[in-house]
Amino acid sequence: MSSNLLIVLVLVALSLVNAQNAGINTGEAYYALRFPDAGQASVTLPEALSADLPLSFSFEAWIMLPGTVGTNQVTTADGLYKTVVSRYTVRPDGTYHNRYADFNLQVQKNGDINFFMGSGLTSNFYGAILTGPTLVAGRWTHVAFTVQTPTGKTNPDTVVLYVDGKPSTTNWKVGNRQLHEDVPIHLGAYLNQDGDVKWWRGYMDEIRFWGVALSSEDIHARMNVSADPADPNLLAYYKCDSGALLVDSTSHHFDGQFVTAAGAIQYQISGVKLGFSVETARQSSVVITLTGVGSSPFSYVIESVPDSSVGLVKVGATTLFTDNLPYTLTGNTVTFVAGSTEGKTGKLTYYGTNAAGREARSTTVSLFVDRAACNPDACGVCNGDNSTCSCLPTPYKGYSNADLEKILLISELDTTLDYLTHIEMHLEQASDALDTDEFSGNVDGQLTEVQDFREVCLTDLHDNLRAFLSDLSK
């Protein structure tokens, strides 16, 4: 086989693995926005979001340029600037320029991913500018940027661009940030200094605005899982699944308006892989619902299960092990039975398949043992009945575990009452044997306190315990 043919085959294989699977996508990402390949289309986010966006914030999304348009192979180095998200303004005198932009995340005409913030200067246009790797057409890519601004300042001190989790960092260089809190934020559009609007071409999904500058660890932890809409740091969350508006899943309801002219934005099945996590107490079980979407019916297939020390995965009465995988389900649920060791973690993977074949990539479910609420009994067993560590087999001679606990408590109360009786007797003897007139006032006062303790505290405690014991014995 010639080396050229081998290279061609490898490239074909990679394109098949990385291309969007239009028929099935399991996991938490269902649909994505499909911007037109020609024409004018974007999404305008409300000014209320812009006003609430703090000086330190983060943005993240999944993007993809189509691998082909019709029969033509797509290249990202197509000579077009393509904006993902921007905030800019046209000045009162009608002028506009990159130096007046607050921020713009784009793919440059050579295919490189680029982010900049304007400085307001007539030279050195950019207060911060970063260029990342070249975007690969036909492959979903995670992009994000964070802006960190010190308290009391307007200019950021640090700006970070992330491409598939890999950071590029810069500090603020010159000029002043062109802060525009009274204009909309745009998805897929930016009015460039050459007078041309730079439209996005391709897909977007899982668009999120955070009210803090996320750390590198935060970016990595969040990029491959769905976000919690109730997260207090999440300002806006666009899952891009459906609606006449681009729906914000948070309680803020910063819904976006579709702006379309020659081309319309559509919802199409996503290719983004978002897994999810399941937390449960040790020695407990939880039903896991597998998620996904397809253009036609499909089956869920379990591809891998965690080590048995983490727990067992069951489908009805069948326990799944490596020797009976892959396992095709008739529904979309499995049961995870957690092991007895706390702190264990593992993974379950699954994919969708039908007559046309399986999807290209599998979905991961992360399993955590003993991170959920657990109410241990006296034996240390989560949600147990105290029976596993008893020295007597239960039921014992017809008595349940609860009966035995009651008998033990009665015995302990009887012993306590005997002790109290002895204490009272000795205190009374000591009181009768002493002539208080022979002692100093200090000793006499102490003896009086002891007598009061016997007559008030111990007598009351004795009487209360006997009443409780009488009620318990009924």
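**Exercise 1. Is Thr280 buried or exposed, and what is its relative accessible area?**

Solution. This is a predicted model, so keep in mind that we're reading computed values throughout.

- Step one: find the residue. Thr280 sits in strand E19, which spans residues 276–280.
- Step two: check the cut-off. Buried means under 20% relative accessible area.
- Step three: compare. Thr280 has a relative accessible area of 6%, so it is buried.
- Step four: look at what its side chain touches. There is a polar contact between the side chains of Thr280 and Ser284, at 2.8 Å.

**Exercise 2. Work out which residues of strand E19 belong to the covered face and which to the uncovered one, then place the strand beside its partner E29.**

Solution. Start with the general pattern.

- Step one: side chains in a regular strand alternate between the two faces of the sheet.
- Step two: apply that here. Phe276, Val278 and Thr280 make up the covered face of E19, while Ser277 and Glu279 are on the uncovered one.
- Step three: bring in the partner. Strand E29 (residues 363–369) runs parallel to E19, and five bridges join the two.
- Step four: pin down the register. Phe276 of the covered face stands opposite Val365 in E29.

**Exercise 3. Follow E19 and E29 past their ends and explain what the salt bridge between Asp370 and Arg282 ties together.**

Solution. Take the pair first, then its surroundings.

- Step one: the side chains of Asp370 and Arg282 meet in a salt bridge, 3.7 Å from N to O.
- Step two: locate both ends. Asp370 is in the loop between E29 and helix H4 (401–433), and Arg282 is in the loop between E19 and E20, so the pair ties together parts 88 residues apart in sequence.
- Step three: check the cover on the arginine. With a relative accessible area of 16%, Arg282 is buried.

**Exercise 4. Lay out the four-stranded open sheet that includes E20, and say which strands stand at its edges.**

Solution. Go from the order to the details.

- Step one: write down the order, E20-E26-E23-E24, with antiparallel pairing.
- Step two: pick the edges. Strands E20 (285–289) and E24 (318–320) each have a single partner strand, so one side of each has no neighbour in the sheet.
- Step three: add the twist. On average, neighbouring strands of this sheet are turned by 35° against each other, direction ignored.
- Step four: zoom in on one pairing. E20 and strand E26 (residues 333–338) run antiparallel and are joined by five bridges, with Val286 opposite Phe336 in E26.

**Exercise 5. Do likewise for the seven-stranded open sheet, ending with the pairing of E9 and E10.**

Solution. The recipe is the one you've just used.

- Step one: the order reads E10-E9-E8-E7-E14-E3-E17, and the pairing is antiparallel.
- Step two: E10 (126–134) and E17 (257–260) are the edge strands, each with a single partner strand, so one side of each is left without a neighbour in the sheet.
- Step three: neighbouring strands here are turned by 20° against each other on average, direction ignored.
- Step four: strand E9 (residues 112–118) pairs with E10 in the antiparallel sense over six bridges, and Asn114 stands opposite Thr131 in E10.

**Exercise 6. How many salt bridges does a search of the whole structure find? Go through some of them.**

Solution. The search finds 16.

- Step one: take Asp164 and Arg139, whose side chains meet at 3.0 Å, N to O. Asp164 lies in the loop between strands E12 (158–163) and E13 (166–171) and Arg139 in the loop between E10 and strand E11 (141–148), so the pair ties together parts 25 residues apart in sequence.
- Step two: check how open these two are. Asp164 counts as partly exposed at 26% relative accessibility, and Arg139 is partly exposed at 29%.
- Step three: try Asp37 and Arg34, with their closest N and O atoms 3.0 Å apart. Asp37 is partly exposed at 34% relative accessibility, whereas Arg34 counts as buried at 11%.
- Step four: look for a network. Salt bridges link Glu60, Glu206, Arg208 and Lys239.

**Exercise 7. Zoom out and sum up the whole protein.**

Solution. Four steps will do.

- Step one: count elements. There are five helices and 29 strands.
- Step two: gauge burial. Of the 474 residues, 41% count as buried.
- Step three: look at contact range. Among contacts with a separation of 6 or more, 69% come from residues 24 or more positions apart.
- Step four: consider the surface. The protein exposes about 23,500 Å², with 53% of it supplied by carbon and sulfur atoms.

Conventions
Residues are numbered from 1 along each chain as its sequence is written. This is a predicted model: local features need pLDDT of at least 70, side-chain atom pairs count only at pLDDT 80 or more; totals for chains, interfaces and linings use all residues. Side-chain values use heavy atoms; hydrogens and water are left out. Buried means under 20% relative accessible area, exposed over 50%, partly exposed in between (1.4 Å probe, protein chains only). Two strands pair if DSSP finds at least two bridges between them. A polar contact is a pair of N or O atoms within 3.5 Å; within protein, one must be able to donate a hydrogen and the other to accept it, and residues adjacent in sequence count only if both atoms are side-chain atoms. Contact means heavy atoms within 4.5 Å. Accessible areas come from the Shrake-Rupley method with a 1.4 Å probe; for residues, only the protein chains shown count as cover. Axes are lines fitted to C-alpha atoms, for helices over the stretch in contact, and angles run from 0 to 180 degrees between N-to-C directions. A salt bridge is a side-chain nitrogen of Lys or Arg within 4 Å of a carboxyl oxygen of Asp or Glu.
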